[in-house]
Amino acid sequence: MIVLASQSPRRKEILRMAGLPFTVRVPGVEEVRQAGETAHQYVERLAREKALAVDALPQEFVVAADTTVVVDEHVLEKPASEAEAIGMLTRLRGRQHVVLTGVCVRHNHQVWSGVESTAVTFAPLTDADIQAYAASGEPFDKAGGYAIQGLASKYITRVEGCFFNVVGLPVARLYEMLKAAGYSLALG
Ligand SMILES: Cc1cn([C@H]2C[C@H](O)[C@@H](COP(=O)(O)OP(=O)(O)OP(=O)(O)O)O2)c(=O)[nH]c1=O
């Protein structure tokens, strides 16, 4: 059985869509980037910490992830205010940025992890577009302040790489990691 160490509704939805049965155990991990840590190191470390922060039986496969948005070396996490969301979207509009998701599988004292990267391009949004989107409330529990699978979908002109990685879980890469760890769908 897969144990999803996440409270993200999007991560649950992606596992459900992929037909991977799971239960949820929510880790209590503080998401603070360490000085000098690259964005890749940050998301991979957090995914590992989340996977290690939940109890699991030897036969269970723990899955955890952490997503962040990087543009011009700036790491954009979840906006804490409408003003912060407006600032993020202003930085993202009319250009390409990268979404990184660190993903971790833990099984029987063994840990596998990696970072999947997807390039996303935004249309040139007007200030009015950005203000309306920020006022929608959608940005607030999303890294980078947008949801490619939500209202922001009408603003995304190009995706290069795994789409589900942007939403929060690179499910094809995760499935390869699960199989490498000995997971089989027949196990349920
Ligand atoms: C970029 C982007 C992010 N997101 C979401 C996915 C994640 O839920 C969130 C990134 O925050 P995370 O800190 O990775 O995850 P989380 O806090 O939501 O959940 P947990 O730590 O318990 O696993 O942003 C989207 O839903 N759509 C998008 O387009």
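Student: Which element gives the most to the shell around the ligand?

Tutor: Strand S3 does, with three residues. Keep in mind that we are looking at a predicted model. Besides S3 (61-71), helices H1 and H5 (163-167) each give two or more residues to that shell.

Student: What makes a residue count as part of the surroundings of the ligand?

Tutor: One of its heavy atoms has to lie within 4 Å of the ligand. There are 20 residues around the ligand, and Ser6, Arg11, Lys50, Thr67 and Lys78 come nearest.

Student: Why is the pair between Ser6 and the ligand called a polar contact?

Tutor: The cut-off for a pair of N or O atoms is 3.5 Å. An N or O atom in the Ser6 side chain is 2.7 Å from a ligand oxygen, so the pair qualifies as a polar contact.

Student: How do you know that Arg10 and Tyr146 make polar contacts with the ligand?

Tutor: Apply the 3.5 Å limit again. For Arg10, a polar side-chain atom lies 3.1 Å from a ligand oxygen; for Tyr146, a polar backbone atom is 3.4 Å from a ligand oxygen. Both values fall within the limit, so both pairs count. As for cover, the protein takes up 97% of the 600 Å² of accessible area that the ligand has on its own.

Student: Why are Met17, Val159, Phe163 and Phe164 called a nonpolar patch?

Tutor: Patch members need over 30% relative accessible area, and nonpolar side chains are joined within 5 Å. These four form such a patch on the surface, with about 330 Å² of accessible area together. One of them, Met17, lies in helix H1 (residues 9-17).

How values were computed
Residues numbered from 1 in each chain as written. Predicted model: local features only at pLDDT ≥ 70, side-chain atom pairs only at ≥ 80, totals over all residues. Heavy atoms only, no water. Patch = residues over 30% accessible without salt bridge, like charges linked within 9 Å, V, L, I, M, F, W, Y side chains within 5 Å. Areas by Shrake-Rupley, 256 points an atom, 1.4 Å probe, with all protein chains shown as cover. Salt bridge = Lys/Arg side-chain N within 4 Å of Asp/Glu carboxyl O. Helix = DSSP H or I, 4+ residues; strand = E, 2+ residues; numbered from the N terminus. Polar contact = N/O pair within 3.5 Å; in protein donor to acceptor, adjacent residues only side chain to side chain.
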